[in-house]
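Me: Could you take a close look at one part of this model for me, the surroundings of the ligand, and then show me how the elements around there fit together? Keep it chatty, please.

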Amino acid sequence: MNRVQEKVAVVTGGANGIGNAICELLGQEGAWVLVTDIEDEAGRETVRRIVKKGGRAEYFHAEVSRREDAARAMEKAAEHNGRIDILCNNAAYLGESHAVLESTDEEWDKCIKVALMGTHYFTKEALPYMIRQKKGSIVNVVSIQALAGMMTSVAYTATKAALLGYTLSAAYDYGPHNVRVNSLCPGPIHTRISAEPGTAHYKWQCDNTVLGRVGSPEEVAWAALFLASDEASYVTGVTLPVDGGWTSK
Ligand SMILES: NC(=O)c1ccc[n+]([C@@H]2O[C@H](COP(=O)([O-])OP(=O)(O)OC[C@H]3O[C@@H](n4cnc5c(N)ncnc54)[C@H](O)[C@@H]3O)[C@@H](O)[C@H]2O)c1
């Protein structure tokens, strides 16, 4: 309990799946959480669950690919006590899986706008607060697809790989301000976008991990909590796989 007590956290894509689990865990551990998403009802439901467990949170509609939404979200979060302590860039666009020859410009545009530019807009808006505070933690949710070749989803994979570079660059530039920036790389995690149990793809995912199973959103959230908290005060610029050992093989 209280591992991020009194910190102000902003999470993108907090209405479902991994983002929802991160919001709930940060709330449970004492943070005031701004849950942002484009699915308003599900986002409000995340807030209701946090509050029901005694936490504090608000919902804010923010389409991450819109620069002005990022600015408004940060202003909203800062209304709480003027601080932004934690930013978790989690929203992404997976879309349909296509290899190079089948991939379309529209698919590339959307992957880049949501995952990469969304991360950039939110980070750019959070940094001035964190620099002023001389402290902050940014956690970028990437994917093991940035580390290991797998499915035919070249636009998504390339965008996620770019996020690793973004993380390193931001960690380098803002480390002197005590702002830490790290990447989390989830492996196969059971959310609405993942393979259903019983399918060949699900079995393939389980077989590719060392632990022999798909992970839960909560297992990613614990890693995000660590990176977000002061327990990781000497950790910046890292890529942390949360993948059941997939990339260790
Ligand atoms: N599930 C997995 O197996 C897995 C594996 C590796 C990485 N990831 C990454 O984890 C993150 C979360 O994925 P998930 O599995 O929880 O998916 P999800 O679909 O369950 O949740 C994603 C959330 O992001 C929101 N979102 C999507 N586009 C948005 C936009 N433009 N603006 C604001 N919000 C938006 C959605 O409404 C949704 O609430 C993504 O970055 C994904 O790439 C997931």
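Reply: By class, the shell around the ligand holds 13 nonpolar, 10 polar and four charged residues. Keep in mind that this is a predicted model. The shell counts 27 residues, and those that come nearest to the ligand are Gly13, Gly17, Ala92, Ser143 and Thr191. Helix 1 (residues 17-28) gives the most to that shell, with three residues.

Now follow helix 1 to the sheet. Helix 1 lies across strand 1 (8-12), strand 2 (32-37), strand 3, strand 4 (86-89), strand 5 and strand 6, and runs at about 170 degrees to strand 1. The sheet itself is open, with seven strands in the order 3-2-1-4-5-6-7 and parallel pairing. Strand 3 (56-61) and strand 7 (239-242) sit at the edges with a single partner strand each, so one side of each has no neighbour in the sheet. From one strand to the next, the twist averages 20 degrees.

If you want to zoom in on one pairing, try strand 5 (residues 136-141) and strand 6 (residues 179-186): they run parallel and are joined by six bridges. There, Ser137 stands opposite Arg180 in strand 6.

Helix 7 (residues 217-228) is another one to trace over the sheet. Helix 7 lies across strand 1, strand 4, strand 5, strand 6 and strand 7, at about 165 degrees to strand 6.

Terms used. Residues numbered from 1 in each chain as written. Predicted model: local features only at pLDDT ≥ 70, side-chain atom pairs only at ≥ 80, totals over all residues. Near = placed C-beta within 6 Å. Helix = DSSP H or I, 4+ residues; strand = E, 2+ residues; numbered from the N terminus. Nonpolar A, V, L, I, M, F, W, Y, C, P; charged D, E, K, R; others polar. Pairing = 2+ DSSP bridges. Axes fitted to C-alpha atoms, helices over the stretch in contact; angles between N-to-C directions. Contact = placed C-beta atoms within 7 Å.
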